[in-house]
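The exercises below ask for a careful reading of a model, each followed by a worked solution. Please attempt every task before turning to its solution.

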2 protein chains.
Amino acid sequence: MIPQAMGMTVEMLEAKGPHFPNPLRKPEDLSQLKSEVDVRAELAYVFDAIRLTRRKLAGRVPLIGFVGAPWTLMSYMVEGGGSKTFMFVKTWIFKHPSTTHSLLARITDVCVEFLAHQVLAGAQMLQVFDSWAGELSPHDFRIFALPYIRRISARVPARIKELGGEPVPMTIFAKGAWYALDELCESGYQVVGLDWTHDPESAVAVANGRVTLQGNMDPNVLYGGREAITQAVERIAKGFGGGRKGWIVNLGHGITPFVNPEDLKWFFEETRRVTGASE
Amino acid sequence: MIPQAMGMTVEMLEAKGPHFPNPLRKPEDLSQLKSEVDVRAELAYVFDAIRLTRRKLAGRVPLIGFVGAPWTLMSYMVEGGGSKTFMFVKTWIFKHPSTTHSLLARITDVCVEFLAHQVLAGAQMLQVFDSWAGELSPHDFRIFALPYIRRISARVPARIKELGGEPVPMTIFAKGAWYALDELCESGYQVVGLDWTHDPESAVAVANGRVTLQGNMDPNVLYGGREAITQAVERIAKGFGGGRKGWIVNLGHGITPFVNPEDLKWFFEETRRVTGASE
């Protein structure tokens, strides 16, 4: 939605995800992008969908708004879709750091506006997904990803107030950026999402009460059937302190295809049993 | 080569890597595999190639033998090739832990034999690649990957001696298993390879002289041209103590397509300049 609002053509290909027929391959391609983006108008359909969903949910579960983080969005815009090698975007950031920063800043502006308007439309929490964070070395993450992650959390609450709304809690999920957990706990978000490569005990020790942690069962345990799911839920709940220390139960990444919905239900039921949480 | 020696059909597809037309999808498929594997006979062509290469190298550079680690080999054998979701192998390990361990043990036996014969044929160092380690949570890595990594390092030197050879240094590279660095430093290998998500300084602190570290420039920096390469080499060399503390210069993973060979050469030249290493 962000690249589309900025003027790019995006197609959703079945089983392949987003595809950009005209990716940004060199700094000159930036002329494809609009110089001014009216997020409220361009993405009106999203805000309409949020308003409708919020109404239909009728308070049964909270509605979470989200956006891709600037580094991840730039990767898609430059690669033209998912990538194995990240050749085009890595060429760009290492050869042209200055236009990288101006593109990341422009994407960030649109992200801030998009998130603020999602809250105005009814989102009760916000999550920022840096799905490709782990493609960057710690050094490059601190240059090309973290500053924009911080800028989003620094600006969104103020922008929401300016628009007449009330700020909501925000979550950062930077997949693969294990080396930055400490910095992410100081990045202005109330919740930090963890992928499944974190041992819950160690992550709790690093976070040390600064944020609520979210995660982190390997989504593929859902392929393993009831016994495997129960074992993983019990182990992970214990690691997060049995839910008593500020923990949002989640998978460590998105659910994968062909999971039996009954097994997902079992995951929820076992989580409630183990943590003593109510419906 | 290992799955082939065990009786599976393997094809190399251009730009896609290894492909197994008849993957092992369920425990019954294990009947595909030979009960006894004569590694020396089945992989004679590899040992011939090593002998020939060693002779032609004439001492100019050392010759490194290698093998995939059991977890990574099992993933290929079950998925039938590379995978995005690891659905089949994760289903297997979580549903059938007992046949998982018997398959991993059989693969390990063949790996040990293969590595020992590589040294007899002329390999002067050995590397074990657990390319898919990071797909496992720390808990599952300790169950399904680490014990077999250890078993290889525990058995290979003795097997080499039994065959009349001299043991050589061994390297373990477990991509994505950042959480296991401390354990990998105690896993019986002399060298631990690092992917580019490790900050050299932190890795040196964890290793604390127990092993020689190898790595770890993001291979995609090679797309960034001379200035980017120089900056990365200088930063990484500084992190590893300027080469004075036991460091094998390497990329943090395999080189990716379309790198200009002149840029790779520049990487070597800059490494020599910065570390003061000779040709």
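**Exercise 1.** State which rotation and which shift superpose chain B on chain A.

*Solution.* Chain B is brought onto chain A by a rotation of 180 degrees with 0.0 Å of shift along the axis, and the RMSD is 0.0 Å, where copies are superposed by least squares on the C-alpha atoms of residues with pLDDT of at least 70 in both. That is the relation of a two-fold axis. The model is predicted, so local features need pLDDT of at least 70 and side-chain atom pairs count only at pLDDT 80 or more, while totals for chains, interfaces and linings use all residues. Residues are numbered from 1 along each chain as its sequence is written, chains are lettered from A and ligands numbered from 1 in the order in which they are written, and side-chain values use heavy atoms, with hydrogens and water left out.

**Exercise 2.** Describe the interface of chain B and chain A by its contacts and its buried area.

*Solution.* Begin with the contacts (heavy atoms within 4.5 Å): 31 residues of chain B touch 31 residues of chain A. Of the interface residues of chain B, 100% are also interface residues in chain A, so the copies meet through the same surface. Next comes the buried area, which is the accessible area (1.4 Å probe) that two parts lose on being put together, summed over both; here it is about 2,800 Å², with 58% on carbon and sulfur atoms. Phe94(B), Trp178(B) and Tyr223(B) supply 22% of the area that chain B buries against chain A, more than any other three residues.

**Exercise 3.** Find how many salt bridges join chain B and chain A, and give one example.

*Solution.* Using the criterion of a side-chain nitrogen of Lys or Arg within 4 Å of a carboxyl oxygen of Asp or Glu, the count is four salt bridges. One of these pairs Lys90(B) with Asp218(A), at 2.7 Å from N to O. Turning to the secondary structure of this side of chain B, α5 (87-95), α7 (138-144) and α11 (225-239) each supply at least two residues, and α5(B) gives the most, with five; helices are DSSP runs (H or I, at least four residues), numbered from the N terminus.

**Exercise 4.** Decide whether Phe258(A) and Phe86(B) are buried or exposed, and report phi for each.

*Solution.* Phi of Phe258(A) is near 70 degrees, and with 70% relative accessibility this residue counts as exposed (over 50% relative accessible area, 1.4 Å probe, protein chains only). Phi of Phe86(B) is near 55 degrees, and with 2% relative accessibility Phe86(B) counts as buried (under 20%). Most residues other than glycine have a negative phi.
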